[in-house]
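Dear colleague,

I am handing over the structure we spoke about, together with some notes on its helices. Please look through it before reading on.

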Amino acid sequence: MPENDDLPKWAESKFGLTFPVGDLKELAFVEPNGEALEAIEGVGLEEGKNPTIKQTIAIISILSTQPIDVIRKMNQRDIKGAAEAMVPLLEGAI
């Protein structure tokens, strides 16, 4: 059995908030596991359609593990930037 140091690392992405929400100054996104993928599937994305704001906020919450109420308080520029930062973690997953 390989040591933990020999295992591949899960992909991560960080996004610094331009407009912090309380003490939250940065979002850390982690490559989704099965539970996260099921939760993302539950937001109702439709192939060929852009996600709604509500869906985008839900996915940001899922991948950052921040409560959705915190994400809802973010500035629109931070929501857009966070959405762009998490895309590479979802490619090929959904």
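The notes below cover one helix, then a helix pair, then a single residue.

This is a predicted model, in which local features need pLDDT of at least 70 and side-chain atom pairs count only at pLDDT 80 or more, while totals for chains, interfaces and linings use all residues. Residues are numbered from 1 along each chain as its sequence is written, and side-chain values use heavy atoms, with hydrogens and water left out.

Helix H4 covers residues 76-90 (helices being DSSP runs of H or I of at least four residues, and strands runs of E of at least two, numbered from the N terminus). Its 15 residues should span 21 Å (1.5 Å times one less than the number of residues), and its end C-alpha atoms are 21 Å apart, which agrees. At the N-terminal end, Asn75 caps H4 through a side-chain oxygen 2.7 Å from the backbone nitrogen of Arg77. The buried residues of H4 (under 20% relative accessible area with a 1.4 Å probe, protein chains only) include Ile79, Met86 and Leu90, and the buried residues of this helix pack against strands S1 and S2 and helices H1, H2 and H3.

H1 and H2 pack at about 170°, with their axes 10 Å apart, and are therefore roughly antiparallel (an angle over 145 degrees between N-to-C directions). Ala36, Ala39 and Ile40 of H1 meet Ile59, Ile62 and Leu63 of H2 (heavy atoms within 4.5 Å).

Ser64, also in H2, is buried, with a relative accessible area of 4%; leaving aside residues up to four places away in sequence, Ser64 touches Leu27, Ala28, Phe29 and Ile71.

Best regards

Key: Buried < 20%, exposed > 50% of the residue type's maximum accessible area, 1.4 Å probe, protein only. Polar contact = N/O pair within 3.5 Å; in protein donor to acceptor, adjacent residues only side chain to side chain. Axes fitted to C-alpha atoms, helices over the stretch in contact; angles between N-to-C directions. Parallel < 35°, antiparallel > 145°, perpendicular 65-115°, else oblique.
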